[in-house]
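The following note is offered to a colleague who wishes to read this structure alongside its sequence. The points are numbered so that each may be checked separately.

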Amino acid sequence: MLDDRAKLLLKTLVDRYIADGQPVGSRTLSQTAGLELSPATIRNVMADLENLGLIASPHTSAGRIPTARGYRLFVDTMLTADPAHLSVSMPTLALPPEQPQKVIANAANMLSSLSQFVGVVMSPRRGSVFRHIEFLRLSEKRVLVIIVSPEGDVQNRVLFTETDFDQSQLVEAANYLNAHYSGLALEQVSVRLKDEVESLRSEIAALMQAAIAASTEAMHEHEQDVVIAGERNLLSVSDFSTDMSQLRRAFDLFEQKTTLMRLLDESSQAAGVHIYIGGESQVVPVEELSVVSAPYSVDGTVVGTLGVIGPVRMPYQRMVEIVDITSRLVSNALSQR
């Protein structure tokens, strides 16, 4: 627990370091904080903060800089953000609902432009619900499965079957699935088919199970992607200029996308804006990067996440405001149906 004096000095130190990028000394801290404290008193408080692991002293300077733990305390207890004052100057994302990818691309570019860092948007999560399914005999023991989602997306899969079905059998199987399971998630259909297999001819039941498994696989192949904009902005960030290995790891993160997808997917579980600080956990694999993210929704259902990736020394208040208002704009744009 920190007393009010220690909190104010930590907040002042973090604010000053974010603004200047230079270690903050006790004299600068005394002048900036507006407290009538002797340099000796301030040095004692800074020593206490350092012992708590909230600030650290670089080898080349007598000043102090925040640690990942110090940034965490700062963003959790001292940050005040107000997205309302940004909304007047924010561009609109009210694109036609049939162009969701343009909304996503525009949002990533806007996040990058406003933050001057990297904007990332996870594409809307696709549901595994099917509206309609058809089977088409291609040749002996080869069947084309055509599955249509509620949004009209069409996925095709070729099945190799043990039985040579004629077209009338395929129509019968498709009609059964459409009549009994349309509107359900494919995983639900698979479970219910197992329970009802005795009431169906074994070869037809096997065809249905194989079709549902193939359709689920087809849906997963078109799972979420992540749109990234503004990676080159990191080249001008001074924090990376002395450590190119950190910059390379950042670009590896954007290139591979798997870890980034996992991070964004995790943050979609949290309501509101969430801040991940590099160096405090394994969530952000690059020590000098932080991520400010928020989920967005379609008609009240969370379908993806967006955010800003930048240096740990970023103006968190402004990033929170940018990410929060952008998530609302994306939600509104995608919900206009």
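**Notes on the structure**

1. The lining of the second largest pocket comprises seven nonpolar, seven polar and six charged residues. The model under discussion is predicted. The volume of this second largest pocket is about 550 Å³. Its lining has 20 residues, and those closest to the centre of the pocket are Tyr-17, Ile-65, Pro-66, Asp-239 and Glu-288. At least two lining residues come from each of four elements: α1 (4-20), β2 (65-66), α4 (68-77) and α10 (238-241).

2. The structure contains six salt bridges, and three of them are taken up in this point and the two that follow. As general background, side chains of opposite charge can pair when their charged atoms come close. Arg-16 is bridged to Asp-20, with 2.4 Å between the closest N and O atoms. These two residues are about one helical turn apart, because they lie four residues from each other in helix α1. Arg-16 is classed as partly exposed because its relative accessible area is 31%. Asp-20 is likewise partly exposed, with a value of 40%, and both figures fall between the 20% limit for buried and the 50% limit for exposed.

3. Helix α4, which also contributes to the pocket lining, holds the salt bridge between Asp-76 and Arg-72, with an N to O distance of 3.0 Å. The partners are four residues apart in this helix, or about one turn. How accessible is each of them, buried or exposed? Asp-76 is exposed, because its relative accessible area of 52% is over the 50% cut-off. Arg-72 is buried, because its 18% is under the 20% cut-off.

4. In helix α13 (residues 316-335), Asp-324 and Arg-328 are four residues apart and are therefore separated by about one helical turn. Their side chains form a salt bridge with an N to O distance of 2.6 Å. Asp-324 has a relative accessible area of 13% and so counts as buried. Arg-328, at 46%, is partly exposed.

5. A nonpolar patch lies on the surface, made up of Leu-136, Leu-138, Val-158 and Phe-160, which together have about 370 Å² of accessible area. Strands β4 (132-139) and β6 (154-160) are the elements that give two or more residues to this patch. Leu-136 is located in strand β4. With a relative accessibility of 39%, Leu-136 is partly exposed.

6. Two backbone conformations merit a check against the displayed model. Most residues other than glycine have a negative phi. Which phi does Gln-116 have? Gln-116, which is not a glycine, has a positive phi of about 65°. This residue is placed in the loop between α6 (100-115) and β3 (118-122), and Gln-116 is partly exposed because its relative accessibility is 49%. Lys-141 also has a positive phi, near 60°, and is a residue other than glycine. The loop that holds Lys-141 joins β4 and β5 (142-148). At 35% relative accessibility, Lys-141 is partly exposed.

7. Asp-225 is situated in the loop between α9 (202-221) and β7. Its relative accessibility of 40% places Asp-225 in the partly exposed class. Along the chain, Asp-225 and Val-121 are 104 residues apart, whereas their C-alpha atoms are separated by 8.6 Å.

8. The loop between β7 (226-229) and α10 contains Arg-232. Where does Arg-232 stand in accessibility, buried or exposed? Arg-232 counts as exposed because its relative accessibility is 65%, over the 50% cut-off. Arg-232 and Phe-251 are 19 residues apart in sequence, with a C-alpha to C-alpha distance of 9.4 Å.

Note on methods:
Residues are numbered from 1 along each chain as its sequence is written. This is a predicted model: local features need pLDDT of at least 70, side-chain atom pairs count only at pLDDT 80 or more; totals for chains, interfaces and linings use all residues. Side-chain values use heavy atoms; hydrogens and water are left out. Patches are made of residues with over 30% relative accessible area and no salt bridge: like charges are joined within 9 Å, nonpolar side chains (Val, Leu, Ile, Met, Phe, Trp, Tyr) within 5 Å. Accessible areas come from the Shrake-Rupley method with a 1.4 Å probe; for residues, only the protein chains shown count as cover. A salt bridge is a side-chain nitrogen of Lys or Arg within 4 Å of a carboxyl oxygen of Asp or Glu. Buried means under 20% relative accessible area, exposed over 50%, partly exposed in between (1.4 Å probe, protein chains only). On a 1 Å grid over the protein atoms alone, a cavity is a set of points where a 1.4 Å probe fits but cannot get out, and a pocket is an open set with protein on both sides within 12 Å along at least five of seven lines; lining residues have an atom within 4 Å of a point. Grid points are joined across faces, edges and corners, and a volume is the space filled by probe spheres set on the points. Ala, Val, Leu, Ile, Met, Phe, Trp, Tyr, Cys and Pro count as nonpolar, Asp, Glu, Lys and Arg as charged, and the others, Gly among them, as polar.
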